[in-house]
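Here is a friendly walk through one molecular structure, written for someone who likes to check the atoms directly. Have the viewer ready and follow along.

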Amino acid sequence: MSQDLWNYIFIGTSFALYIGIAFKQRAGSTKEYYVAGGGVSPFANGMATAADWMSAATFISMAGTLASSGYDGSRFLMGWTGGFVLLTVLMVPFLRKFGKATVPDFIGDRYYSKAARLVAIVCAIFICLTYIMGQMRGVGIVFSQLFGIGIPAGVIIGATIVFFYAGLGGMKGITYTQVAQYCVMAFAYTIPAIFIAIALTGDVVPQLGLIGDFTKGGDPTPFLEKLNKINTDLGFSKYTDGSLSKIDMFCITAALMFGTAGLPHVIVRFFTVKNVKAVRRSACWTLSFIAVIYLTAPTIGAFARVNLIGELHDTSYKDAPAWFQDFEETGQMAWIDKNGDGKIQYFGPGKSESGKDGAVFAGKAPIFAEGVGASGERLLTNDPVSASPNELWFGKDIMVMANPRMAGLPKWVIALLMAGCIAAALSTAAGLLLVLSTSISHDLMKKVVKPDLTDKEEIKWARLASLGALLVAVWFGINPPGTFVAKTVAFAFGLAASSFFPALLLGIFSKGMNKEGAIAGMVTGILFTLGYIIYFTYLGGTKSQYLWGISPEGIGFIGMILNFIVSIVVSRLTPAPPQEIRDLVDRVRHP
Amino acid sequence: MGNLRNGIRNTRIWLVVNEKGYGSGFLSSCAIRGLLDHKDTKVPMRNIQGKGDAQDRYWKANLQWLIVILGTWFFVSFGCGILFREWLDENLFRVGTAPFGFWMAQQGSIISFVLLLIAYTKIMNGLDAKFKVDEEDSK
């Protein structure tokens with residue numbers, strides 16, 4: 001059977017499953033639409049939340065980032081799982097007790113003001129949109145791979161599918177669909193890793209392979225030492241060292257963690273469980289399910305690096321494996337034969353003249369020209385960088401999908417992986433879309449603009465809003481602000497950290513926090529962070545201008561500290577909140 | 001009879017809290033519990049202490065556990081995985097063949113997080129039961 005056939009079978013079956021579930025469980029009332037009627041078991045909710053949580057960024061991009069940057073990629077591993085701890089111990093039980101369906105609801109009531117609610121809605125929309133862009137990009141990459149088309153067309157196909165079942169099912173449909181999606185993702189992620197672990201290290205458990213010996217051909221050597229040697233030989237920094245500065249690493253990890261704890265679409269998940277006890281149990285399940293995949297990601301990254309270099313470096317283009325041409329076809333890999341020897345050379349920054357820049361060509365992404373070069377490769381219009389001997393460019397996002405092909409795994413494994421990628425992107429996109437549409441229909445229309453909205457009209461608004469959001473997401477999915485999915489997604493976390501986290505935390509843990517403080521804090525935090533990100537991604541800011549060497553991914557942490565300072569100072573200078581708000585906080589604190 | 005039971009429970013908590021402090025109260029509470037069972041408990045402590053006080057104590061115990069949990073959280077991730085990573089890579093034992101700091105950043109921290117949440121759930125659900133604030137199962 002051909003690869004395409006396998007792909008269609010796996011993806012077709014999984015889709016039929018999701019759509020079947022979504023249809024069967026479709027929402028009948030607004031309560032079901034938003035919080036699945038509130039009666040989901042901790043185990044099922046844990047699984048669904050895990051699927052919601054693990055986005056295309058996790059599934060597709062994270063292992064690729066780990067493969068290309070080694071230790072530096074740990075920021076995503078620690079950031080996203082550690083953030084979940086914060087979320088569980090600092091936010092979820094209290095917000096659950098508060099008993100409202102959305103985060104702007106909490107902010108609006110706790111800070112007794114429509115203005116605060118409005119600021120929260122705007123923040124929620126910004127965060128979710130940024131996040132969903134990353135997902136759309138991920139979906140686009142998978143579909144482009146699947147059908148051998150460009151990413152833009154892939155994004156549009158993916159968006160159509162997301163719209164249908166997120167709009168149709170509401171939270172109830174999504175929850176049960178996500179349970180199915182988690183199962184697909186877990187198998188899709190771990191099975192290839194196991195196969196590759198056996199091939200490279202002789203260990204069945206990939207995590208043991210990572211800390212074990214490399215046994216493929218020749219004497220066993222410690223796996224990570226082998227990887228370090230491969231890296232340093234080619235002019236890269238050691239795999240276990242990475243190249244980010246400590247302060248940048250710290251700030252990015254922190255921004256991801258605190259952002260996680262302020263992400264509206266994950267917080268809302270815990271409103272679907274019936275009481276605080278169950279919420280805590282559900283969170284334990286969620287993190288355990290997440291850990292299955294997060295503990296596998298570093299192994300996939302490390303294995304992929306060994307395979308990539310082993311298969312491509314110093315191989316002549318004509319003998320290169322078939323997958324190389326496939327990825328070239330979809331624009332995910334490119335090669336410029338700088339020295340004209342017909343062989344692919346892959347070198348790091350250490351081999352370049354300046355010792356710092358290992359770029360293959362000028363510009364961020366390859367722009368392909370018509371026609372082929374001497375060896376049959378696709379020609380680029382980008383100017384080659386002659387100061388670096390590196391000839392190979394690849395998008396980090398393809399690593400996970402390329403991995404099983406590099407390792408020569410059976411076709412059905414690759415098909416399973418494709419289905420998993422799609423599940424990851426779809427589940428998160430659907431969850432986000434739901435929060436976005438709720439923010440607009442419930443928080444904005446019902447609570448601010450038109451209080452006499454009926455249930456039916458509210459759902460109609462929600463569906464309209466998700467369509468609008470999706471269109472924006474598609475546009476940004478085709479023209480993403482970050483160079484790879486995980487980076488785009490990291491911006492969303494920075495925005496959440498700098499706006500919601502302090503407002504929620506102070507709302508629960510400080511009785512004296514008033515509306516003036518919270519509003520001033522949120523506005524300062526999000527404007528500062530958004531401004532910094534826009535300046536450095538769209539307005540041509542350069543690395544040397546970074547504040548204390550902190551990249552836009554990590555600036556959310558500084559934005560958050562600013563938010564805290566502004567909130568506290570302003571709240572001390574303005575009237576204290578009324579007594580009923582203090583009583584409300586008291587109630588929230590006790591389950 | 002139900003009121004009396006509540007009175008007993010409240011006395012017990014009140015004593016534990018006052019003599020031993022909140023954080024350390026868990027182990028020692030077992031010992032004191034034995035003593036208390038023989039005490040004259042006819043005066044319902046709830047009326048004397050009032051509901052607000054019990055809530056304050058619950059909240060303080062809650063906060064102290066949060067500090068312990070978040071301290072561990074910071075130590076395993078930012079501490080081992082970022083701030084002291086090079087030192088740990090050089091000087092501490094290896095996990096299998098992997099340097100310790102690197103392993104903490106990519107595997108150890110995640111494993112610790114899972115254990116931390118399990119501990120948190122146990123502690124907090126225990127705290128809720130102890131202070132009789134756990135929610136009814138129906139809403």
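The report below covers the chain interface, a small charged network and a hairpin.

Please keep in mind that this is a predicted model.

**Where the chains meet**

Let us begin with the two chains. Chain A and chain B bury about 4,500 Å² between them, and 67% of that area is on carbon and sulfur atoms. Chain A brings 56 residues to the contact, while chain B brings 47 residues. How many salt bridges does the rule find across the interface of chain A and chain B? It finds zero. There are, however, four residue pairs in polar contact between chain A and chain B, counted with both residues at pLDDT 80 or more.

On the side of chain A that touches chain B, several helices give two or more residues, among them helix 5 (74–98), helix 11 (246–260), helix 13 (276–312) and helix 18 (485–509) of chain A. Helix 5 of chain A supplies the largest share of that side, with 14 residues. Sorted by class, the side of chain A that touches chain B holds 33 nonpolar, twelve polar and eleven charged residues.

**A charged network inside chain A**

Over all chains, the structure holds two salt bridges. Here they are, with the N to O distance for each.

| Acidic partner | Basic partner | N to O distance |
|---|---|---|
| Asp105(A) | Arg117(A) | 2.7 Å |
| Asp109(A) | Arg117(A) | 3.0 Å |

Asp105(A) sits in helix 6 (residues 103–110) of chain A and Arg117(A) in helix 7 (residues 114–147) of chain A, so their salt bridge ties together parts that are twelve residues apart in sequence. Are these side chains buried or exposed? Asp105(A) is buried, because its relative accessible area of 1% is under the 20% cut-off. Arg117(A) also counts as buried, at 8% relative accessibility. Asp109(A), at 24% relative accessibility, counts as partly exposed. Through shared partners, the salt bridges join Asp105(A), Asp109(A) and Arg117(A) into one network. As a general point, side chains of opposite charge can pair when their charged atoms come close.

**A hairpin further along chain A**

Finally, have a look at strand 6 (residues 368–372) and strand 7 (residues 378–380) of chain A, which run antiparallel and are joined by two bridges. Which residue of strand 7 of chain A is the bridge partner of Val372(A)? That partner is Arg378(A). Five residues lie between the two strands of this hairpin, and Gly376(A) takes a positive phi near 105° there.

Definitions and conventions:
Residues numbered from 1 in each chain as written. Chains lettered and ligands numbered in written order. Predicted model: local features only at pLDDT ≥ 70, side-chain atom pairs only at ≥ 80, totals over all residues. Heavy atoms only, no water. Pairing = 2+ DSSP bridges. Helix = DSSP H or I, 4+ residues; strand = E, 2+ residues; numbered from the N terminus. Salt bridge = Lys/Arg side-chain N within 4 Å of Asp/Glu carboxyl O. Buried < 20%, exposed > 50% of the residue type's maximum accessible area, 1.4 Å probe, protein only. Contact = heavy atoms within 4.5 Å. Buried area = accessible area lost by both parts, 1.4 Å probe. Polar contact = N/O pair within 3.5 Å; in protein donor to acceptor, adjacent residues only side chain to side chain. Nonpolar A, V, L, I, M, F, W, Y, C, P; charged D, E, K, R; others polar.
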